[in-house]
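Me: I'd like a close look at one thing here: how the helices pack against one another. Please go pair by pair, with the angles, the spacings and the residues that do the touching.

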Amino acid sequence: MLTTSIRLVDAVGIGLRAPHYRAIQDEQFGQYAAPAFLEVHSENFFGDGGQPLAYLSWFRERYPLSLHGVGLSLGSADPLSTHHLATLKRLVDRVEPMLLSEHLCWVGVGGRYLNDLLPVPYTDASLVHVVNHIDQAQSYLQRPLLIENVSSYLEFAESTIPEWEFVAEVSRRSGCQLLLDVNNIYVNSVNQQFDAMTYLRAIPVDAVAEIHLAGYQDTGDVLIDTHGAAVSDPVWALYGQAIARFGCVPTLIEWDADIPTLDVLLAEASHAREIMRHGR
């Protein structure tokens, strides 16, 4: 029997990464609660079989699962890849995830792909283009997408719409839900000097279906979203404000570089759970 539901008050999960497979299988959780759900990068499981899918099937039978994509390139000037969509749909049909998400970004153009999540210009033309791509993807996949806001380090001179208004309008026009990355909001607010609370207040309350938390690196000039450190105190504070506004939506701890032992991730999840329950 596949596990599909979670209690919202306990809805704090972690990103499932290979170094932690055995520890999670053996339930080496120590003093901490088991993760409420697990999230994986969809593209890591695009093969037709083999060990990766065998592991994923094992975890899927025991935990609610979220699929988080990094390669659909919704903001690219290129057409959406029908091959990518077809492969993603096979995976979705196989594991029946509780959540399915992608990034509001582009990762390639002209058939060439980059190893980064690049922001789009916030213009009326870009808005129409992104919404059309989301509509196409949701229609093909036959389920709603959660769209995540990304970190950025420069602003397009062509942008005419504040990022928070652009993200909110993408959700309104396409009917998609949002994966609100609170760390990315904070990083961008420092890098581009805006009020992070202005961003939160602009997002429709009923649009947010998941929250991401992660760590950043402070270079002295900019903050870089590395997913390679613990969640910072300012991000925890902003997360408390997000929970006060959006309620107890599923929250994920992301840690993709310099991956620590499982207990470190579970401690971060425990902190998020305390904020979710008590607001601090």
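**Helix packing, pair by pair**

Reply: α3 passes α4 in a right-handed crossing (the near helix is turned clockwise from the far one by less than a right angle; anticlockwise would be left-handed). This is a predicted model, where local features need pLDDT of at least 70 and side-chain atom pairs count only at pLDDT 80 or more, while totals for chains, interfaces and linings use all residues. Numbering starts from 1 along each chain as its sequence is written, and side-chain values use heavy atoms, with hydrogens and water left out.

Back to that pair. Two packed helices are described by the angle between their axes and the distance between the axes. For α3 and α4 (residues 124-141), the angle is about 40° and the axes are 10 Å apart. So α3 is oblique to α4 (under 35 degrees is roughly parallel, over 145 roughly antiparallel, 65 to 115 roughly perpendicular, and the rest oblique). The axes are lines fitted to C-alpha atoms over the stretch in contact, with angles from 0 to 180 degrees between N-to-C directions. Helices are DSSP runs (H or I, at least four residues), numbered from the N terminus.

Who's touching whom? On the α3 side, Leu85, Ala86, Leu88 and Lys89 make the contact (heavy atoms within 4.5 Å), and they meet Gln136, Ala137, Tyr140 and Leu141 of α4. By class, that's six nonpolar residues, one polar and one charged. Nonpolar covers Ala, Val, Leu, Ile, Met, Phe, Trp, Tyr, Cys and Pro; charged is Asp, Glu, Lys and Arg; the others, Gly among them, are polar. Lys89 of α3 is therefore the charged residue here, and Gln136 of α4 the polar one.

α3 (residues 82-95) has another partner, α2 (residues 51-60), with an angle of about 40° and axes 11 Å apart. That angle is why α2 also counts as oblique to α3. From α2 come Leu53, Leu56 and Arg60, and from α3 come Leu91, Arg94 and Val95. The tally is four nonpolar, no polar and two charged residues. The charged ones are Arg60 on α2 and Arg94 on α3.

The last pair to look at is α6 (residues 182-192) with α8 (residues 233-246): the angle is about 120° and the axes sit 9 Å apart. That angle makes α6 oblique to α8 as well. Their crossing is right-handed. α6 brings Val182, Asn183, Ile185 and Tyr186, while α8 answers with Pro234, Val235, Leu238, Tyr239 and Ala242. Eight of these are nonpolar, one is polar and none is charged. The polar one is Asn183 of α6, and the α8 side is made up of nonpolar residues.

Conventions
Helices (H or I, at least four residues) and strands (E, at least two) are DSSP runs, numbered from the N terminus.
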